[in-house]
Amino acid sequence: FERLISFVDFEAAAVALIDEDQQEDVKELFQALVNFYKKLLDKFTQYYRVDAVFFHDDWGSQRAAFFSLDTCREMLVPYMKQIVDHCHSLGLLFDFHCCGKNEMLVPAMIECGMDMWGGQPMNDKKKLVEEYGEDILIGVHDPFMGGKPVPEDDEELYRRVDEFLAPYADEIHE
C-alpha cells in the first residue's frame, strides 16, 4: 500500500483500493512489486546470511485501519501472501512492521502467513495474544520505551520486567 501511495497521494491510493475502475490496475502494480521483491529477496539470500525479513507497509492510523478487512483480503492479501511464501521458501521468517491501530486486520496477516506483527502500543496486545497467539507472534513493547529510566538495581529491573511480561504468560519462570 505504501508503494501505491508513493506513486499517487494517500487519498488517491485509498480510493484506488475500492474503485472498481482502478482495482485491476492496482492489482497489476502489486503483482509487479511482488515480482521485484522476490528477485530482491533472492539476491539478499544469495549474497548475505539473512534469517528474517522486516517488511514495512503501514495499514492504519493511530485510531483505525485505513481500509476494511474485506478490502485488505481482496487487494493486499494475495500479493503479501506471495511475498511471505517466497520468504518461507528461502527459509526466512517474515516480521511485519505495520503502524496503526490494525487489530481488525490481524486475520489478514495470518492469512498471508506472516510470522510476526509488532504493532504499536495502541493495539490491545494482550487481547491479540489471547485471540491469535497460536497463529502469529504478537510483538510487545518493552517497559522502558519512551524514555522511562532503566532501574540501576537488578532486583528492581527484574521485578519490572516480570510485571511487564505477566499479562502475556501463564507463569513467569525464574
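Two strands count as paired when DSSP finds at least two bridges between them. The model described here is predicted.

**The sheet**

Strand β3 (residues 116-117) meets that criterion with β4: the two run in the parallel sense and share two bridges. Within this pair, Met116 stands opposite Leu137 of β4. The sheet as a whole is open and has four strands, ordered β1-β2-β3-β4, with parallel pairing. β1 and β4 (137-138) are its edge strands, each pairing on one side only. Helix α5 packs on the sheet and touches β1 and β2 (93-97). The direction of α5 makes about 140° with that of β2.

**Helices α2 and α3**

Helix α2 covers residues 10-18 and helix α3 residues 20-47. They pack at about 105°, and their axes lie 6 Å apart. Angles of 65 to 115 degrees count as roughly perpendicular, so α2 is roughly perpendicular to α3. On the α2 side, the contact is made by Val15, Ala16, Leu17 and Ile18. On the α3 side, Glu20, Gln22, Gln23, Val26 and Phe30 take part. Sorted by class, the residues of this contact are six nonpolar, two polar and one charged.

**Cavity and pocket**

The structure holds one cavity of 30 Å³ or more. Its lining has 14 residues, and those nearest the centre are Phe1, Leu33, Tyr37, Asp57 and Met80. Four elements each supply at least two lining residues: α1 (2-7), α3, β1 (52-56) and α5 (77-89). Of these, α3 gives the most, with four residues.

The largest pocket draws on fewer named elements: α3 and β1 are the ones that give two or more residues to its lining. What lines this pocket? The residues are Tyr37, Leu40, Leu41, Phe44, Val50, Ala52, Val53, Phe54, Phe55, Ile83 and Leu92. Tyr37 thus appears in the pocket lining and also among the residues nearest the cavity centre.

The table sets out volumes and lining classes.

| Site | Volume | Nonpolar residues | Polar residues | Charged residues |
|---|---|---|---|---|
| Largest cavity | about 140 Å³ | ten nonpolar | one polar | three charged |
| Largest pocket | about 160 Å³ | eleven nonpolar | no polar | no charged |

The charged residues of the cavity lining number three, whereas the pocket lining has no charged residues.

Note on methods. Residues are numbered from 1 along each chain as its sequence is written. This is a predicted model: local features need pLDDT of at least 70, side-chain atom pairs count only at pLDDT 80 or more; totals for chains, interfaces and linings use all residues. Side-chain values use heavy atoms; hydrogens and water are left out. Axes are lines fitted to C-alpha atoms, for helices over the stretch in contact, and angles run from 0 to 180 degrees between N-to-C directions. Angles under 35 degrees count as roughly parallel, over 145 as roughly antiparallel, 65 to 115 as roughly perpendicular and the rest as oblique. Contact means heavy atoms within 4.5 Å. Ala, Val, Leu, Ile, Met, Phe, Trp, Tyr, Cys and Pro count as nonpolar, Asp, Glu, Lys and Arg as charged, and the others, Gly among them, as polar. On a 1 Å grid over the protein atoms alone, a cavity is a set of points where a 1.4 Å probe fits but cannot get out, and a pocket is an open set with protein on both sides within 12 Å along at least five of seven lines; lining residues have an atom within 4 Å of a point. Grid points are joined across faces, edges and corners, and a volume is the space filled by probe spheres set on the points.
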